[in-house]
Amino acid sequence: MNELIKKLTEAYGPAGFEDQVRDLIQPEVAPYADEIKVDALGNLIVHKKGDGSGLKVMIAAHMDEIGVMVTHITKEGYVRFTNIGGVYPRTLHGNRVRFADGTIGIISTEPLADRNKVNSLDKHFIDVGATSSEDCPVKVGDAAGFWREFAVLGSRLVAKSMDDRIGCVVAIEALKRLKETPHDVYFVFSVQEEVGTRGAQTAANALNPDVGIALDVTLTGDTPEARPMAVSLGKGTAIKVKDTGMIAHAGLVKLMRQRAEEAGIPYQMEVLEGGTTDARPMQIANAGCAAGCISIPCRYVHSQSEMVDGNDVENSVRLLVEILSKPIAL
Amino acid sequence: MNELLKQLTEADGVSSNEKEIRLLIRDLIADHVDEWRVDSMGNLIALKKGTGASDLRVLVDAHMDEVGLMITEIASDGTLKFEPVGGFNDRTLLGKVVRVGADKISGVIGAKPVHLLSASERRRVVKIDSMRIDIGAKDKSAANGKVKPGDFAAFVTTYQEMGNTALGKAFDNRAGCAALIELLRGEPYPFDLYAAFTVQEEVGLRGAQVAAYSVQPDVALVLECTPAYDLPTKEDVSPNVALGQGPSIYVMDAVTIQDPRLVAHITRTAAERGIPYQIRRPGGGGTNTAVIQRTHTGIPAATIAVPGRHAHTPVMMINLEDYANVVKLTDAVLRTLSPDIVRRNLN
């Protein structure tokens with residue numbers, strides 16, 4: 001699985017510009033799909049047919065990542081930028097971005113009298129090696145993602161855009177392992193989650209599922225002085241009960257726990273006090289559906305070094321396969 | 001004198017009170033469209049049938065509402081308290097002339113004369129909730145019967161042209177409406193073109209949401225007037241957009257990432273036709289594109305805008321060449337809009 005994780009996390013795909021990620025996922029899923037399509041916003045929708053006895057289930061993992069967009073190029077060739085999604089200024093200085101064509105840029109910031117403070121985003125700039133606006137290889141409106149290589153640290157895996165390529169990996173792996181299912185399962189690799197769960201909204205409108213399960217990262221409470229949260233890296237897949245945008249369907253949460261217990265899959269109950277996932281638009285699309293989320297615990301979310309544990313990833317795949325291969329009674 | 005811009009900007013249509021502007025637009029387009037209807041929210045939706053060469057279904061949106069005020073109470077001294085309808089910078093309101101209610105009663109947003117201001121008052125901005133409209137009534141009973149709470153007030157600004165610059169109210173978005181009217185008056189397109197003159201954009205993109213849902217197009221363009229902020233600054237920063245530099249193309253704002261394929265089609269078309277254009281500085285703001293894009297199963301959508309200075313004030317300014325180029329560019333973009341631009345094929 002690490003090879004796939006490396007391939008997907010190192011791909012370019014800021015929100016709104018997911019084509020390169022989609023082009024990598026499509027050949028991975030094609031041999032296992034009964035039908036594949038790409039909708040108007042760019043969601044990749046992969047259908048695996050059931051035996052007719054089950055429900056219509058939508059699984060959503062978002063392909064997009066946070067990033068930046070060029071707003072201005074100075075006379076000297078420096079690039080000013082704005083954020084695409086939740087970019088924190090404290091994660092920027094000295095880090096690198098990559099544009100769609102592979103152009104690399106270094107992010108730096110204007111001098112600050114107090115070294116313990118952080119400049120706001122508009123006081124940062126990107127150096128793409130240009131000597132003036134004339135020879136600058138990027139232009140206003142170009143988008144860039146962060147650039148960092150995938151790394152394996154024992155059981156821990158580190159990459160930029162673990163949020164949410166790791167969810168994509170879980171979906172792909174589950175699809176590969178899912179031999180038989182009673183359900184009509186639609187794996188949606190969604191777009192524009194980081195700017196407001198926009199892709200999953202239109203996909204859910206189109207599919208009108210009975211059950212919606214998002215696959216996404218969640219925060220942890222296991223780093224020094226972390227805000228208390230009963231989720232730790234390596235302690236299992238996380239079953240979401242609630243976040244700031246969605247309260248999971250109680251019956252679905254119960255079913256997830258039950259399937260985890262039956263199969264001896266380590267799991268943790270997740271209550272996330274900041275953020276939401278594609279489960280929110282699924283829950284309230286059309287006439288609504290039973291929605292929930294399987295989360296992969298992740299440290300340093302929205303930095304260039306997002307860390308997950310390989311065992312949690314494996315357990316998330318196992319739980320999803322357990323859920324999808326058996327009846328869902330809610 | 002551009003009579004179309006004059007007529008459209010001098011008509012009133014504060015959000016949710018668009019009847020006057022809607023009737024005007026209806027009369028201006030009726031002879032050039034095959035059908036028109038008004039939906040439950042007041043959107044004017046017209047169909048200009050295509051030649052049949054393309055099976056695309058295309059929506060072009062321009063919101064017809066403008067920012068304005070609503071009367072909330074008649075004070076005992078006969079002045080009118082009001083609430084903003086749409087977003088304002090409070091300091092742009094004082095001293096401006098408005099017309100209130102169906103009878104268009106003239107009034108002024110009163111201000112204490114500079115002579116009477118204390119030193120500290122001179123440094124403060126008066127908040128909108130302490131402003132009053134003075135309609136010259138000596139007390140509450142004199143004002144009663146002329147106006148009532150719930151009445152809308154619109155700004156009074158006469159359209160003028162100074163060379164290539166036009167001055168008037170509500171270019172946001174009567175400039176977009178005028179451009180759309182010009183498109184409807186032209187030759188048929190290869191596809192059926194649905195024109196939506198939408199309501200209540202300024203209070204949250206409300207009209208376009210239901211208009212797009214009912215039309216369910218394959219692709220949509222939004223015509224807008226985007227705030228130009230191009231006054232000189234000391235720092236090396238870009239203007240939002242600048243007057244006279246051509247149509248403004250959106251890539252990303254606070255609520256939408258435009259369809260990259262459409263953006264590429266628009267900029268390519270502009271380059272091929274020698275039409276100047278500018279990429280609007282990505283970041284803040286938002287247009288009807290946000291709700292149209294996310295309607296139902298999703299609609300590829302993009303925005304082309306006339307740059308306008310002093311947006312959301314009683315007086316705006318646009319460049320007439322920018323306006324003409326928006327019409328020209330949008331027309332060219334539509335005439336070359338082939339299905340393969342917005343349809344996705346799996347390899």
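Which residue is the bridge partner of A:Ala61 in S12(A)? Keep that in mind while you look around; this is a predicted model.

**The whole of chain A.** Select chain A to begin. You'll find seven helices and 17 strands there. Its radius of gyration is 20 Å, close to the 20 Å that the globule rule gives for 330 residues, so chain A is as compact as a globular protein of that length. Along the principal axes, its C-alpha atoms fill a box of roughly 65 × 45 × 35 Å. Try colouring by burial: 53% of the 330 residues count as buried. As for contacts in chain A with a separation of 6 or more, 75% of them are between residues 24 or more positions apart.

**Strand S3.** Now pick residues 56-62 of chain A. This is S3(A), and it's mostly covered, with six of its seven residues buried. Add residues 184-190, strand S12 of chain A: it runs parallel to S3(A), and seven bridges join the two. Here's the reply to the opening question: A:Ala61 has A:Phe189 as its bridge partner. Next, show residues 211-218, strand S13 of chain A, which also pairs with S3(A) in the parallel sense, over four bridges. Zoom in on A:Met58 and you'll see its bridge partner in S13(A), A:Gly212.

**Over to chain B.** Finally, switch on chain B. Here 25 residues of chain A are in contact with 19 residues of chain B. On the chain A side, the elements giving two or more residues are strands S1 (35-38), S4 (67-73) and S5 (79-84), along with helix H4 (198-207). H4(A) gives the most, with five residues. Colour that side of chain A by residue type and you get ten nonpolar, eleven polar and four charged.

Notes: Residues numbered from 1 in each chain as written. Chains lettered and ligands numbered in written order. Predicted model: local features only at pLDDT ≥ 70, side-chain atom pairs only at ≥ 80, totals over all residues. Buried ≥ 20, exposed ≤ 12 C-beta atoms within 10 Å, placed from the backbone. Pairing = 2+ DSSP bridges. Contact = placed C-beta atoms within 7 Å. Nonpolar A, V, L, I, M, F, W, Y, C, P; charged D, E, K, R; others polar. Rg over C-alpha atoms; globule rule 2.2 N^0.38 Å.
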